[in-house]
Amino acid sequence: MEKILNDLVDKYAQKIVETTQKLLTIESVYSYGKLPYQPFGKGPAEALDFMLSIADQMGLVHKNMQGYVGYAELGEGEELIGVLSHLDVVPAGAGWDLPPFGGLIQGDCIYGRGAVDDKGPTVAALFALWVIKLSGLPITKRVRHIMGLNEEEGFGCIDYYLRNEEIPVMGFSPDGDFPVIHGEKGILQFSATDHYSSGKGVDLMLKEITGGTAANVVPGEARATFFVSSEGRYQLERAYKKLADKQAITLADDGVTITVTAKGKSCHGSRPDMGVNAIGLLLSFLLTVSGMDQHLKRMMKKFHTLFLEGYDGKGAGVACADELSGPLTMNMGEFRAKDGIAVCEMDIRYPITADFAMIWHELDEHAVAKEMDLQINEHKPPLYVPADHPLVEKLCGVYQEMTGDFTKPLVIGGGTYCRAVKNFVAFGPMFPHQADCVHQANERIPISDLILMTKIYAQAIYELIK
C-alpha cells in the first residue's frame, strides 16, 4: 500500500467529515422535476451541484449532465476506470432520534438519511480521487467518479449516462458491503390492486389505510382510520384488549373517527427478516375486529394471505432458494386503501439461479385466483461476477491488506448500480462489524469507518489506475 495516501486522508479527515455533514443536510429525495437540470427534483439536483463544487475546488475535471448525473475525473490515458455512487436517498420515514437531514454528530457517528446509502461513501470516493491527485503518484489510466441522482427510484440517471458518455471498462460502486459483493439477487418490484366496499352503514366504515414510504423499505408505521358508531368503538376496543403485545398497536379516538396505528421496525426491503412490517401488524389486528364490512375484510385477508404471511413468498407460491444466494424474500413496502381501491407496492429479491418467468407466472396465477391485478414496475436481473475475476481479486487484496480481514466475497439481496455496467462490483461501505442501518431510522456512519473507507478507496483506485 502507498503510505502517502493514508497520510493525506488523515490530514484531511476533518474536511471529509464536514463535507459529509453538509451533504446530509440536503433532502435529496426523488420528486418529479420539470425545471431544467432538475429531472429528479430540487433536492437531488442540489446535492449534485454541491458535490461538483467540491470537485471544482479539488481541481478535478467535472461535468453536470443536464441534472441527470454528474462526474469528477482524474488522470490521463485511453483506459477509463469507474466509481459509481448515488446522491439520492429514500424518504426519512418515522422513528428518528435526531433530525434525518441534520448531519449531526453524536458520539463517533454522523447521523442522517444517506449517511451509509450512499452519501458518506460518495464523499469518501471523491476524496480518494483528490488524495491520489495530491500525492503525485504516477498513474497511467483515467478514473471517473460518476454520481447519480435516481438510484433509489429506477436507475434513470445511469441509463442517461450510458446513452451519452464513455463507459468505463471496469470499476466498483461504494454501495454495498466489504470485502466485495460479487453477486446480487434479482429484483422485482410490482403493484397489486384490489377493490372493496367502503362499508357505508356499518359500525366501522373505513376512511383510509396508509403505510410505508417505498417498495424497498420495510415499513415502520401504518395507520387505518375508521368512522365509528358506539358499537364500532366497542368492537375496536374489545379487539385491542385481547392483544398480547399492546405496544405494537395504539388507538386514537377523536369522537368521530378512530385511528389505529401499528408500529413495526423499518429496515431495507432486501432483508425483511431484520425488521417488523407495520402493515402486516396492522392488517393482522384489523382482521380480528368485528363490525366492519365483509368485503373490506376480504380485501385485507387477500393481501395478508398472499404477501404478509412471512417474507419467503410461500403465500404467493414463489418460495425458492439456491446455494449461491439463499432464499427468495418478499416485502410489502407500501399499502394504500381509500374510496374502494386498495394498492400495495411489493419488492421481491429472488435467487441468482431462479427462473424469473416462472416466478412472475406463479405470482400472476395466485393474484388472478384472488381477483387481484398485478403490474410490474421494475425488474432487474441478477448480477454475478466470479470470485476469481481479476477485479474481485484486486479489490479483495486491498481490503485484506488494509484491515487484516479475510472474509470471502459476498452475494446479497440488495441491488446496486453494478447491474447497469459490465465488470462492476460493489465494494463497501459496510464493514462486517458495522450494524446495518440502511433505509432505517437513525441511519448513521461511524467517523472512524468513514475515514478508513476513504483510505481503502484511495488505495484501491490507485491500484486500478497506476
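Which element gives the largest share of the lining of the second largest pocket? Points 1 to 3 below deal with pockets, and the later ones with charged side chains. Note that the model is predicted.

1. **The second largest pocket.** Strand 13 is the element asked about: it provides three residues, the largest share of this lining. The pocket has a volume of about 390 Å³. Its lining has 25 residues, and those closest to the centre are Gly-93, Ala-94, Gly-220, Glu-221 and Ser-266. Three elements give two or more residues each: strand 11 (204–211), strand 12 (217–218) and strand 13 (221–228). By type, the lining splits into eight nonpolar, 12 polar and five charged residues.

2. **The largest pocket.** Here the volume is about 1000 Å³. The lining counts 50 residues, with His-268, Ser-270, Arg-349, Gly-414 and Gly-415 the closest to the centre. Elements that give two or more residues to this lining include helix 4 (115–135), strand 10 (186–195), strand 19 (329–338), strand 20 (341–350) and strand 21 (373–380). Shorter runs of sequence appear in that list too, among them strand 8 (176–177), strand 23 (410–412) and strand 25 (429–430).

3. **What kind of residues line it?** The largest pocket has 19 nonpolar, 16 polar and 15 charged residues in its lining. Arg-349, one of the residues closest to the centre, returns in point 6.

4. **A salt bridge between helices 1 and 11.** The model has 20 salt bridges in total. In one of them, Asp-10 meets Lys-455, at 2.8 Å from N to O. Asp-10 sits in helix 1 (residues 3–11) and Lys-455 in helix 11, so the pair ties together parts that are 445 residues apart in sequence. Are the two partners buried or exposed? Asp-10 has 43% relative accessibility, so it counts as partly exposed. Lys-455 has a relative accessible area of 16%, and therefore counts as buried.

5. **A second link between distant parts.** Arg-233 forms a salt bridge with Asp-253, and their closest N and O atoms are 2.5 Å apart. Arg-233 belongs to helix 6 (residues 230–241) and Asp-253 to strand 14, with their positions 20 residues apart in the chain. Asp-253 is partly exposed, because its relative accessibility is 39%.

6. **A buried pair and a network.** Asp-347 and Arg-349 form a salt bridge, with the closest N and O atoms 2.6 Å apart. Both residues are buried. Elsewhere, salt bridges link Lys-63, Glu-73, Arg-142, Arg-144, Glu-165 and Glu-166 in a network.

7. **A buried acid with no salt bridge.** Asp-449 lies in helix 11 (residues 447–465). Asp-449 is buried, yet no salt bridge is found for it. How far away is the nearest side chain of opposite charge? That side chain is Arg-444, and the distance is 9.7 Å. Asp-449 does have a polar contact: its side chain meets the side chain of His-433 at 3.3 Å.

8. **An exposed acid in a loop.** Asp-254 is placed in the loop between strand 14 (249–253) and strand 15 (257–263). Asp-254 counts as exposed because its relative accessibility is 55%, and the cut-off for exposed is over 50%. Which backbone atoms does its side chain approach? A polar atom of the Asp-254 side chain lies 2.9 Å from the backbone nitrogen of Val-256. For the backbone nitrogen of Thr-257, the distance is 2.6 Å.

Key
Residues numbered from 1 in each chain as written. Predicted model: local features only at pLDDT ≥ 70, side-chain atom pairs only at ≥ 80, totals over all residues. Heavy atoms only, no water. 1 Å grid on protein atoms, 1.4 Å probe; cavity = no way out; pocket = protein on both sides within 12 Å on 5 of 7 lines; lining within 4 Å. Points joined across faces, edges and corners; volume = space filled by probe spheres on them. Helix = DSSP H or I, 4+ residues; strand = E, 2+ residues; numbered from the N terminus. Nonpolar A, V, L, I, M, F, W, Y, C, P; charged D, E, K, R; others polar. Buried < 20%, exposed > 50% of the residue type's maximum accessible area, 1.4 Å probe, protein only. Lys, Arg positive; Asp, Glu negative; His and termini not counted. Salt bridge = Lys/Arg side-chain N within 4 Å of Asp/Glu carboxyl O. Polar contact = N/O pair within 3.5 Å; in protein donor to acceptor, adjacent residues only side chain to side chain.
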